[in-house]
Every structure is written in C-alpha cells, then in structure tokens.
Amino acid sequence: MGPSPSGGGPTVSLNPTRPLTRRPKDARTYITAREIAVLRLAANGATNRAIAHTLGVGTEAVASRMQSAFRKLRVGDRAQAVAVALRLGLLALDDVVVPEGANQGWRETG
C-alpha cells in the first residue's frame, strides 16, 4: 500500500484470484443460536415484526439475522432457509407446530 496517485489516501490492490471471504462447508459449524431462533420462528409462519416482538429486538435486527442465515445456508428466501435448516438438522420437525385443524376440510379423491 502506498499513497494514492491522486493524493486521496492509500491505494489497495486486490488479488482477483483470492476469495474475499471464506465459508466453512458445514453451516452447522458457524450459524448462530440467534439465527436459529429466528429461523425457528419463521418456520412457524412468524413475520419479521412478530419475531422481533418475541425476541425483544428491532425488526432491523431480525432482517439482518435472517439475511445472515440466508447467506450462510446459501439460500434466497425463508422457505428455502427453513427447508435447508431442517435438512441439516439445525431445526427439528418438532420445532414446527401444526395448527389445530390444519387439514380440516381436506378430502381424499378417488
């Protein structure tokens, strides 16, 4: 690093072949307990606002933790995040509550 030719501060040269971040292969080794708590509530249909109220934090904190979990799990939305968390064992099927009467009105055809 040295002074910038324009005099605006030091220049930084980046090696384009070196990755900027390193991610462990297994999300279970680096996803936080708070991110799992957010995913557990999301798995039960809670909105960011409801999750924030339950955890006693702001909606911005919930959105940030959700995005962090998406990045770590390499997914693009809540449904994928919950599915991958279940598959990896970060969440258990018992973490997902089936509402009373969820299948009422459903009929078999045939």
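Start by selecting helix 2, residues 48-55, in this predicted model. Show the side chains of I51, A52 and L55: these are the buried residues of the helix. Now turn the view until you look down the axis of helix 2; the buried residues fall within an arc of 100°, so they line one face. That fits the usual helix geometry: with 3.6 residues a turn in an α-helix, residues three or four places apart point the same way.

Flip to the other side of helix 2 and pick R49, H53 and T54, which are exposed.

What sits over the buried face? Bring up helix 1 (33-43), helix 3 (59-73) and helix 4 (78-88), which are among what covers the buried residues of helix 2.

Before leaving, click on G56, just after helix 2: its phi is positive, at about 70°.

Next stop, helix 1. Select E35, I36, A37, V38, L39, A42 and A43, which are buried. The cover over the buried residues of helix 1 includes helix 2, helix 3 and helix 4. Follow the chain on to G45, after helix 1, and you'll find another glycine with a positive phi, this one near 90°.

Last, colour by pLDDT. The protein averages 81, and 71% of the residues score at least 70. Confidence is highest in helix 2, at 97, and lowest in helix 4, at a mean of 95. Then select residues 1-14, where pLDDT stays under 50. For that stretch the model has 13 contacts beyond four places in sequence.

How values were computed. Residues are numbered from 1 along each chain as its sequence is written. This is a predicted model: local features need pLDDT of at least 70, side-chain atom pairs count only at pLDDT 80 or more; totals for chains, interfaces and linings use all residues. Side-chain values use heavy atoms; hydrogens and water are left out. Buried means under 20% relative accessible area, exposed over 50%, partly exposed in between (1.4 Å probe, protein chains only). Helices (H or I, at least four residues) and strands (E, at least two) are DSSP runs, numbered from the N terminus. The arc is that of the directions from the helix axis to the C-beta atoms. Contact means heavy atoms within 4.5 Å. pLDDT is the predictor's confidence in each residue, from 0 to 100.
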